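The following exercises are to be worked with the sequence and the model side by side. Each task is followed by a solution in steps.

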Amino acid sequence: MLKLIIGNKAYSSWSLRGWLAAKQSGLPFEEMVVPLYDAEWDRRRAGDEFAPSSGKVPILWDGDVVVWDSLAIIEYLNEKSGGTRFWPADDAARAMARSMAAEMHSGFAALRRKHSMNVRQVFPPSRPDDDVVADLSRIMELWAQARARFGGEGQFLFGEFGAADIMYAPVITRIVTYSLPVARFATGYMDAVLHHPFMQDWIAAAQEEEWVIEQFEKPVNG
Ligand SMILES: N[C@@H](CCC(=O)N[C@@H](CS)C(=O)NCC(=O)O)C(=O)O
């Protein structure tokens with residue numbers, strides 16, 4: 001059986017992407033949740049199961065095969081589950097979905113660094129830094145284009161829930177957590193993702209976790 005190693009559901013945004021991908025694949029998998037940065041962290045991440053990623057989560061083991069890094073996990077599970085569950089069938093839509101996923105993976109550093117994921121908290125609104133506003137503005141532009149061109153009757157970026165939604169899911173939880181400003185059209189899309197059963201399961205499990213990492217419990221990271 002597949003085995004997915006992830007970090008705290010409260011805080012680990014890359015783990016959320018890997019886990020959503022595992023759920024979306026429809027394949028059975030075992031999950032192992034490890035507390036990031038606890039007293040055992042350095043010892044644990046030096047172990048054999050973590051070595052391929054140099055100690056970062058998520059990591060997917062499929063027997064002897066190992067895949068790490070959220071986007072590689074999406075691609076691996078896309079192939080393994082028959083190639084229909086993650087990317088739109090239409091060539092132009094798929095090209096845009098892949099570009100958006102890649103841009104998320106490599107970009108939006110200000111938003112990711114200054115507003116780390118914490119699905120258990122909602123902080124009062126405060127003025128975001130200019131670089132965060134610029135990230136949000138680009139994200140709104142991408143979401144609007146995807147929805148207008150390829151959303152159709154569906155609720156998600158490309159109609160059906162897929163890889164692009166998986167990659168942007170932790171952006172949505174950050175917008176909620178830090179009460180960040182968004183375009184009006186975006187709230188319907190965000191609600192659809194937040195109410196997706198996979199997201200509901202993840203958030204419920206995060207609420208049950210007892211681990212607390214103080215640095216992720218502040219309204220803004222320095
Ligand atoms: N590019 C990687 C990023 C993985 C990553 O940075 N994961 C964080 C948790 S969200 C981690 O393992 N941090 C622990 C560390 O760096 O020691 C991916 O897409 O999976």
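The exercises treat the pockets, the ligand site, selected residues and the backbone in turn.

**Conventions**

The model is predicted, so local features need pLDDT of at least 70 and side-chain atom pairs count only at pLDDT 80 or more, whereas totals for chains, interfaces and linings use all residues. Residues are numbered from 1 along each chain as its sequence is written, and side-chain values use heavy atoms, with hydrogens and water left out.

**Exercise 1. Describe the largest pocket and its lining.**

Step 1. A pocket is defined on a 1 Å grid over the protein atoms alone, as an open set of points where a 1.4 Å probe fits, with protein on both sides within 12 Å along at least five of seven lines; lining residues have an atom within 4 Å of a point. Grid points are joined across faces, edges and corners, and the volume is the space filled by probe spheres set on the points.

Step 2. The largest pocket holds about 620 Å³ of space. Its lining comprises 26 residues, of which S13, W14, Y37, K56 and V57 are the closest to the centre.

Step 3. Helices are DSSP runs of H or I with at least four residues, strands are runs of E with at least two, and both are numbered from the N terminus. The elements giving two or more residues to this lining are α1 (13-25), α2 (41-45) and α5 (109-114). The largest share, three residues, comes from α5.

Step 4. For the classes, Ala, Val, Leu, Ile, Met, Phe, Trp, Tyr, Cys and Pro count as nonpolar, Asp, Glu, Lys and Arg as charged, and the others, Gly among them, as polar. The lining of the largest pocket then divides into eleven nonpolar, nine polar and six charged residues.

**Exercise 2. Describe the second largest pocket in the same terms.**

Step 1. The volume of the second largest pocket is about 170 Å³. Among its 14 lining residues, F86, W87, E160, F161 and G162 are the closest to the centre.

Step 2. Helix α7 (residues 163-177) supplies the largest share of this lining, three residues. By class, the lining has eight nonpolar, three polar and three charged residues.

**Exercise 3. Which residues surround the ligand, and which side chains lie at polar distances from its atoms?**

Step 1. A residue is near the ligand if one of its heavy atoms lies within 4 Å of it. The surrounding residues are S12, S13, W14, Y37, W41, R45, K56, V57, P58, D69, S70 and H105.

Step 2. A polar contact is a pair of N or O atoms within 3.5 Å; within protein, one must be able to donate a hydrogen and the other to accept it, and residues adjacent in sequence count only if both atoms are side-chain atoms.

Step 3. Y37 places a polar side-chain atom 3.3 Å from a nitrogen atom of the ligand. For W41, a side-chain N or O atom is 3.4 Å from a ligand oxygen atom; for H105, the corresponding distance to an oxygen atom of the ligand is 3.0 Å.

**Exercise 4. Is S15 buried or exposed, and what does S15 touch?**

Step 1. Buried means under 20% relative accessible area, exposed over 50%, and partly exposed in between (1.4 Å probe, protein chains only). S15, in helix α1, counts as buried because its relative accessibility is 0%.

Step 2. The side chains of S15 and S12 are joined by a polar contact of 2.5 Å. A polar side-chain atom of S15 also lies 2.9 Å from the backbone nitrogen of G7.

Step 3. Contact means heavy atoms within 4.5 Å. Not counting residues up to four places away in sequence, S15 touches I6, G7, V57, P58 and W202.

**Exercise 5. Identify the backbone features at P58, S54 and F108.**

Step 1. Most residues other than glycine have a negative phi, and most peptide bonds are trans.

Step 2. V57 and P58 are joined by a cis peptide bond, with omega about 5 degrees. P58 belongs to the loop between α2 and β3 (59-62).

Step 3. S54 lies in the loop between α2 and β3 and, although not a glycine, has a positive phi of about 60 degrees. With a relative accessible area of 57%, S54 is exposed.

Step 4. F108, in the loop between α4 and α5, has a positive phi near 55 degrees. Its relative accessible area is 6%, so F108 is buried.
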